[in-house]
Amino acid sequence: MSSEPYTYVTLSMSPESAPHLGISFHTPGLRVRSGLLRGDGRPYLSLSSREADVHISTTAAGPVTDADLDTAREIFNAAARYLAECERLHAGQSATPKDAHNPAA
């Protein structure tokens, strides 16, 4: 796999199965936004790169459901864990001499 930033998008389709779309963002160019949709004021979350966009909003354009709240909490908790791991790894990298990652340097 490339060490350069990238976004990887796959679409799998097979008979008698629902299509499956996979998007992997591995880029510092990722943009994350949230807000309210015009018109009905539903909340949304958006993850975007040059190559792909993912938009998340509430169920079926209707009122916010208990399931919508559960999903929002899961996103929040997963993002908090992601942040904690990124901070931990970044702190470890700052404490490690650069030559330890690349013995040839």
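# Strands, salt bridges and exposure in a predicted model

Trainee: Does glutamate 16 count as buried or exposed?
Mentor: In this predicted model, the relative accessibility of glutamate 16 is 87%. The cut-off for the outermost class is over 50%. Glutamate 16 therefore counts as exposed.

Trainee: In which part of the chain does glutamate 16 lie, between which two strands?
Mentor: The backbone of glutamate 16 has a positive phi, near 65 degrees, in a residue other than glycine. As for its place in the chain, glutamate 16 belongs to the loop between β1 and β2 (20-26).

Trainee: What pattern does the chain follow along the sequence?
Mentor: The chain contains 2 helices and 5 strands. Read along the sequence, these elements give the pattern β-β-β-β-β-α-α.

Trainee: In what order do the 3 strands of the open sheet stand?
Mentor: The pairing in this open sheet is antiparallel, and 3 strands take part. β3 (31-36) and β5 (53-57) stand at the edges, each with a single partner strand, so one side of each is left without a neighbour in the sheet. The order is β3-β4-β5.

Trainee: By how many degrees are neighbouring strands of this sheet turned against each other on average?
Mentor: The sheet in question is the antiparallel one formed by β3, β4 and β5. With direction ignored, the average turn between its neighbouring strands is 15 degrees.

Trainee: How many residues stand between β4 and β5 in their hairpin?
Mentor: Strand β4 (residues 43-48) pairs with β5 in the antiparallel sense over 5 bridges. Within this pairing, tyrosine 44 stands opposite serine 57 of β5. The two strands form a hairpin, and the number of residues between them is 4.

Trainee: Which residue in β5 is the bridge partner of serine 48?
Mentor: The partner is to be sought in β5, which pairs with β4. Contacts agree with this bridge, since serine 48 is among the residues touched by the partner, along with Ile23 and Leu47. The bridge partner of serine 48 is aspartate 53.

Trainee: What is the C-alpha to C-alpha distance between aspartate 53 and valine 32?
Mentor: Aspartate 53 lies in strand β5 and counts as partly exposed, at 48% relative accessibility. In sequence, aspartate 53 and valine 32 are 21 residues apart. In space, their C-alpha atoms are separated by 9.9 Å.

Trainee: How many salt bridges does a search of the whole structure find?
Mentor: A pair counts when a side-chain nitrogen of Lys or Arg comes within 4 Å of a carboxyl oxygen of Asp or Glu. One of the pairs is arginine 50 with glutamate 51, whose closest N and O atoms are 3.6 Å apart. In the whole structure, the number of salt bridges found is 4.

Trainee: In the salt bridge of arginine 42 and aspartate 40, which of the two residues is buried?
Mentor: The two side chains meet at 2.8 Å, N to O. Aspartate 40 has 43% relative accessibility and counts as partly exposed. The other residue has a relative accessible area of 18%, and the limit for the buried class is under 20%. The buried residue is therefore arginine 42.

Trainee: Which residue of the salt bridge between glutamate 51 and arginine 50 is exposed?
Mentor: Glutamate 51 has a relative accessible area of 44% and is partly exposed. Its partner reaches 77% and falls in the exposed class. The exposed residue is arginine 50.

Trainee: Arginine 88 and glutamate 85 are separated by about how much of helix α1?
Mentor: Their side chains meet in a salt bridge at 2.7 Å, N to O. Glutamate 85 is partly exposed, with a relative accessible area of 40%. Because the two residues are 3 residues apart in helix α1 (residues 66-95), their separation is about one helical turn.

Trainee: What accessible area do Val9, Leu11, Met13 and Leu21 have together?
Mentor: Valine 9 has its place in strand β1 (residues 6-12) and is partly exposed, with a relative accessible area of 44%. The four named residues form a nonpolar patch on the surface. Together, their accessible area is about 440 Å².

Trainee: What percentage of the 105 residues in the chain is buried?
Mentor: The chain exposes about 8,700 Å², with carbon and sulfur atoms supplying 58% of this area. Among contacts between residues at least 6 apart in sequence, 12% join residues at least 24 apart. Of the 105 residues, the buried share is 10%.

Key
Residues are numbered from 1 along each chain as its sequence is written. This is a predicted model: local features need pLDDT of at least 70, side-chain atom pairs count only at pLDDT 80 or more; totals for chains, interfaces and linings use all residues. Side-chain values use heavy atoms; hydrogens and water are left out. Two strands pair if DSSP finds at least two bridges between them. Axes are lines fitted to C-alpha atoms, for helices over the stretch in contact, and angles run from 0 to 180 degrees between N-to-C directions. Buried means under 20% relative accessible area, exposed over 50%, partly exposed in between (1.4 Å probe, protein chains only). Patches are made of residues with over 30% relative accessible area and no salt bridge: like charges are joined within 9 Å, nonpolar side chains (Val, Leu, Ile, Met, Phe, Trp, Tyr) within 5 Å. Accessible areas come from the Shrake-Rupley method with a 1.4 Å probe; for residues, only the protein chains shown count as cover. Contact means heavy atoms within 4.5 Å. Lists of a residue's contacts leave out its neighbours within four places in sequence.
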